[in-house]
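Here is a guided look at one protein chain, written with a computational chemist in mind. Have the viewer ready and follow along.

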Amino acid sequence: MQAAGKLMKVFTTRRIPPEGMKILSAAGVCELSQWDSDEPVPRTELLKGVQGAHGILCLLSDKIDADVLDAAGPNLKVISTLSVGFDHLALDEIKKRGIRVGYTPDVLTDATAELTVALLLATARRLPEGVEEVKNGGWSSWKPLWMCGYGLSGSTVGIIGLGRIGMAIAQRLMPFGVKRLLYSGRTAKAHAAEVNGEFVPLDTLVSESDFIVISCSLTPETQGLCDKAFFSKMKNTAIFVNSSRGAVVNQEDLYQALSSGQIAAAGLDVTTPEPLPTNHPLLTLKNCVVLPHIGSATYSTRGIMAALAAQNLLGGLQDTDMPSELTF
């Protein structure tokens, strides 16, 4: 173990699963300080905590911008985020300073794809509404059209962003008897052939799909992509599902589309802001299912994410390979 004077300072912005902390402690190369809470670190504490740090282990709720990098100072070598998304990181500023970035792709793909399929089914088949009817006495006798929704068999599914997670969603949906799988994005993907995916323009996907799943990353191009014009092209029997990032959707426009019957229903695992205020208009709608960003929330996945984030951090501190380094 190195002498205490040589230990590199690491700031962790939240309590993380023990699998990650164990790896950092056992490495014996870092002096750990942590915002010891399950709640996000306040901005002032973040700016204080990172001072002099060689490494930062952060979450997607922590905005790592020029101010944070300046507060950290010249020692900072690595930022490791416990997420697959990196829209909370000011990559231009980070690159300028020659800081390495680690993230946690792949390991959360299956869990997020499972949750997206669960959300799609819950929304299309009105599960939360059904549970509520049982509890509030709305369930009387069997009625032919009561609580009817929409099924996947024979349907057309459109996936916007057929990356790792989009592909995993497609692979899980196809066995339900999906007839056509459309996808759009920057480029056609060779792996789409595995699910008979058809690469189509966005307008075609939006107008022909019975289910639209958003699984693209948040970029300047995708910010606010799902707006009034987008929803107006959808079938009025179509279901909209987003498990990517909330800012891809214009929520006011989504509210209008749902409340006017322009589209049938929506399922969201992501919103802006997060958490969504309890008095938000979307939460008044029966045809909108909102989950608290739990895409990767299985015990094993979160443990593996924490371990990977710790290994990425150590690689950056020790100038060695990082298992998942972001190249930008």
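The report below goes through strands, a pocket and some backbone details.

## The model and its open sheet

Please keep in mind that this is a predicted model. A good place to begin is an open sheet of five strands, which has the order 2-1-3-4-5 and parallel pairing. Strand 2 (30-34) and strand 5 (100-102) stand at the edges of this sheet, and each has a single partner strand, so one side of each is left without a neighbour in the sheet. From one strand to the next, the twist averages 20°.

## Strand 3 and its partners

Now zoom in on strand 3, which covers residues 55-58. Are its faces buried or exposed? Both faces are covered: G55 and L57 lie on one side, I56 and C58 lie on the other, and all of these residues are buried. In other words, each of them has a relative accessible area under 20%.

Strand 1 (residues 8-12) runs parallel to strand 3, and three bridges join the two. One detail to pick out here is T12, whose bridge partner in strand 3 is L57. On to strand 4 (residues 78-81): four bridges join strand 3 to strand 4, again in parallel. L57 has S80 as its bridge partner in strand 4. S80 in turn has G102 as its bridge partner in strand 5, and strands 4 and 5 run parallel with three bridges between them. If you would like to follow the chain path as well, strand 3, helix 3 (residues 66-72) and strand 4 make a right-handed β-α-β unit.

## Strand 9 and its partners

Further along the chain comes strand 9 (residues 211-214). F211 and V213 point one way from this strand, while I212 and I214 point the other way, and all are buried.

Which strands are joined to strand 9 by four bridges? Strand 6 (156-160) runs parallel to strand 9 and is joined to it by four bridges. Strand 10 (residues 239-242) also runs parallel to strand 9, with four bridges between them. I212 is a handy residue to select in the viewer: I212 is the bridge partner of G158 in strand 6, and I212 stands opposite F240 in strand 10. Strand 9, helix 9 (residues 228-233) and strand 10 make a right-handed β-α-β unit.

## The second largest pocket

Next, some empty space. Rolling a probe the size of a water molecule over the atoms shows where such space is left. The second largest pocket holds about 270 Å³ of space. Its lining has 18 residues, and the closest to the pocket centre are R126, E129, K286, N287 and C288.

Which element gives the most to this lining? Helix 6 does, with five residues. Helix 5 (109-124), helix 6 (127-136) and strand 12 (288-290) each supply at least two residues of the lining. By residue class, the lining divides into ten nonpolar, three polar and five charged residues.

## Backbone details in the loops

Most residues other than glycine have a negative phi, and most peptide bonds are trans. Where does this model depart from that pattern? D106 has a positive phi, near 65°, and is not a glycine. D106 lies in the loop between strand 5 and helix 5, and is partly exposed, with a relative accessible area of 49%. N196 also has a positive phi, of about 55°, without being a glycine. N196 has its place in the loop between strand 7 (180-184) and strand 8 (197-199). With a relative accessible area of 61%, N196 counts as exposed because the cut-off for that class is over 50%.

Two cis peptide bonds are worth a look too. One joins T272 and P273, with omega about -5°; the other runs from E274 to P275, with omega near 0°. P273 lies in the loop between strand 11 (265-268) and strand 12, and P275 has its place in the loop between strand 11 and strand 12 as well.

## A glycine in a loop

Finally, visit G154, in the loop between helix 6 and strand 6. G154 counts as partly exposed, at 46% relative accessibility. How far is G154 from E194? The two are 40 residues apart in sequence, and 18 Å separate them in space, C-alpha to C-alpha.

Notes: Residues numbered from 1 in each chain as written. Predicted model: local features only at pLDDT ≥ 70, side-chain atom pairs only at ≥ 80, totals over all residues. Heavy atoms only, no water. Buried < 20%, exposed > 50% of the residue type's maximum accessible area, 1.4 Å probe, protein only. Pairing = 2+ DSSP bridges. Right-handed = clockwise from strand over helix to strand, strands pointing away. 1 Å grid on protein atoms, 1.4 Å probe; cavity = no way out; pocket = protein on both sides within 12 Å on 5 of 7 lines; lining within 4 Å. Points joined across faces, edges and corners; volume = space filled by probe spheres on them. Nonpolar A, V, L, I, M, F, W, Y, C, P; charged D, E, K, R; others polar. Axes fitted to C-alpha atoms, helices over the stretch in contact; angles between N-to-C directions.
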